[in-house]
Amino acid sequence: MLALIHGCRMNVLLRRLTVRNLFVCNDLFIFQLLNHKIKDKTFVNKLFSTSLELTIANPIVNKYLDYIMNEYKKGKHNSVLENIDLRVASHLLESRQLIIENIEALNEMIKQDPEMKKLADEEQSTYKAQLLELDNKLLDVILLNLGKQGYNDIVLEITAGVGGQEAMLFAAELFDMYLGYIYYLGFTHSIAEQDISSTGGIRHASILISGEAAFDKLKYEGGVHRVQRIPYTEKSGRVHTSTVSVAVLPQVSEIEVALDEKDLKIETKRASGAGGQHVNTTDSAVRILHIPTGIAVECQSDRSQLKNKETALTRLRTKIYEKQLNEQMASTSEMRRRQMGLGNRNEKIRTYNYNQDRITDHRISNGTLHNLKGFLQGGEALEDLQMRLQDDLQKNILLEAIKDVERSSK
Amino acid sequence: MIPLSFILRSRCRAALSGCAYNYLRVNIMPAARVKNFCRSSSVHNRTIGHLLDHWSRNFENDGISEPVESIEHIVAHVMGTKKILDLVNMRERELTKEEVEKLEMLCQCRLSRMPVQYIIGEWDFRDITLNLIPPVFIPRPETEILVDIVLKQLSSTQQEKCRILEIGCGSGAISLALAHSSDKVQSVAIDVNKHACNLTRSNCKNLGLDDRLTIINAALEKDGIIKILDDTENKIEFNREEFDFIVSNPPYVPTSKLSELAPEIKIYEDLRALDGGSDGLDVIKPLLRYAAKALKTDGSLFIEVDTSHPEYIVFFTKKYSDLKLKHLHTYKDFCNNDRFVQVLKFRDV
């Protein structure tokens, strides 16, 4: 397989990233997807709105499970299996093998001795029930890790978009929603930066979040959130549409993005005057400019300047990483971007309509919810939606994998 | 200046210790103003948002530096958090009557220009939190970089243990941050001020670093000799002892500049930790002389200095070549000022 992808720019990139251990669990699987090139464009565009039932009742799912079982039996290193937790799946696959062999043996027997048919039928139906149960479990195991990255430390950035003060006010509401969600999930967080407008809105905020698989829990929030309502400031009662963009990224370590001290310009508010013992201020904010990329970050969350510097560097690395990735991924499929939770930063993912007390997530069919106030508390409602988005993504990945198997078997 | 500082200190101490209202009425504010601030803030509205706005305005009107940050840190302290950004999401929360009273006492201290770090009684230095009590010098963020420089040096040495002496430890920031960040460190810290030694001792205990740091009340004298001031059991023969590193943030503000310092500094902080004499070098010269005797060969002295000092230190080491000291490097702080100097003790040739 590696020979196949050799020479393809994208795959070289992906391999490099793998070496850096960035995308641990799904790479080989995605290699395969990319290799076969996703031809079905409408499918790609409708990634998040599958209406297809992916259950074992579907014959193509059955075919796929057969394929996996056979590949497992061959015992060879196969990219399809990379994505599956074999510690759990192996005994399921072995049992499945056994049952199928038994069914085949019975079929053989019926052919030779039709008188046994009644007895054999009974036995066969037991096996089929067992098979059904087994396949269900197997499908669950396969779905479990699909489309997950497992990063525990992430950065969530909220930036007010179109709509001036109104957008900033809504950004503050989203900010509160995410804090509520972080609390609800039992994650820890620290606010690295918060740029507050005169009306109490937020121009920009950045939260560092840590928790079990935090990235998978929050990556679906990345994109443009649109709000439709009559702003507090609007006197004539017209409904305005404003936007807030949210970015969710894994925190990047020093190994993944190395920064050269020479490229950094570090600024503090202590710049004027003699400094040192001559000054005693509480302001410990640090601003770092990365000269080659022009990216600047600020951190004011801690009382220690050094800690603020470290936090700022983490954010800077994450931003540089995002930029690099975006440049390199320009030619990447939407599916790959989705998988990594990058999505399209400019894509409108959700609308909050106050007049109708409605939230609509545009990525899934029937993505409309009600009770805006409850939703904005960032509790169960948000988690439910996140689970649905995850289900949908997983099903689509699986569907694509199944189609691949079909295609290659033709 | 001294009597004023005494009055201000003692009145803040009283406020901190609890009997604020009477104290305010009798000693500090005109009755009308006491009434006014009690009415405007404590009776009607006790939400954090209101208190923040109210006090930042008050501070600003009184010409207090960093009015917004000051009240944010004070409120954060009353709420039991270290991060002022947490407050943004607490604006609607209401303080209890007791909390408001405490807050107002602390705000009175700020109106008397007490540094925020003393008011809340602690501050962060690198990744440790230090208790701070007036008048012991409040660590400045620049000094975090000094620790960085020493740590870098430490990680490049082969030795398993590294004996470090800190001269003028204050609250213990440098020694404790070093011991906290590197297992190699075994240090001795001295300070001329007994209260500073006690504070370092208690910070050391809080951080669980007791067995890594010895604290002694001692003075570095003009001739570069260290004299022990108290009858401690830890008899260290400073004038025979050898160290791998000596580190110090000595007083380096020229005496003529002291009057220009902010009231927070010149009223509340121990001037012995700031006043470096006519050229700011009064302690730096004895430091160099002591280091020449007490550093092991290839050992280093790391000091924080005024921007004008590195040049002199180069000159000094050349002039007194018999000391076998060499100016190795001048490091900059975040503001691009020459701030730290490394001086090497070289081998006899």
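## Exercises on a predicted model

The side chains of Glu264(B) and Arg110(B) make a polar contact at 3.0 Å. The model is predicted.

**Exercise 1.** Is Glu264(B) buried or exposed? Place Glu264(B) in its helix and list its contacts.

*Solution.*
- Start with the element. Glu264(B) lies in helix H11 of chain B, residues 263-268.
- Next, take the accessibility. Buried means under 20% relative accessible area. Glu264(B) has 4% relative accessibility, so Glu264(B) is buried.
- Now set aside neighbours within four places in sequence. Glu264(B) then contacts Ser65(B), Arg110(B), Arg113(B), Met114(B), Pro115(B) and Glu269(B).
- Arg110(B) is also the polar partner, side chain to side chain.

**Exercise 2.** Work out the strand order of the open sheet of three strands in chain A. Which are the edge strands?

*Solution.*
- The order is S6-S7-S8, and the pairing is antiparallel.
- The edge strands are S6 (264-268) and S8 (295-299) of chain A, as each pairs on one side only.
- Neighbouring strands of this sheet are turned by 15° against each other on average, direction ignored.
- Look at one pair. S6(A) joins S7(A), residues 286-290, through five bridges.
- Within that pair, Ile266(A) has Ile288(A) as its bridge partner.

**Exercise 3.** Describe the hairpin of S2(A) and S3(A). Which residue there takes a positive phi?

*Solution.*
- Find the strands. S2(A) covers residues 188-196 and S3(A) residues 202-210.
- Their pairing is antiparallel, over eight bridges.
- Ile196(A) of chain A faces Ile202(A) in S3(A).
- Five residues lie between the strands. Gly200(A) takes the positive phi, near 90°.

Note on methods: Residues numbered from 1 in each chain as written. Chains lettered and ligands numbered in written order. Predicted model: local features only at pLDDT ≥ 70, side-chain atom pairs only at ≥ 80, totals over all residues. Heavy atoms only, no water. Pairing = 2+ DSSP bridges. Helix = DSSP H or I, 4+ residues; strand = E, 2+ residues; numbered from the N terminus. Axes fitted to C-alpha atoms, helices over the stretch in contact; angles between N-to-C directions. Buried < 20%, exposed > 50% of the residue type's maximum accessible area, 1.4 Å probe, protein only. Polar contact = N/O pair within 3.5 Å; in protein donor to acceptor, adjacent residues only side chain to side chain. Contact = heavy atoms within 4.5 Å.
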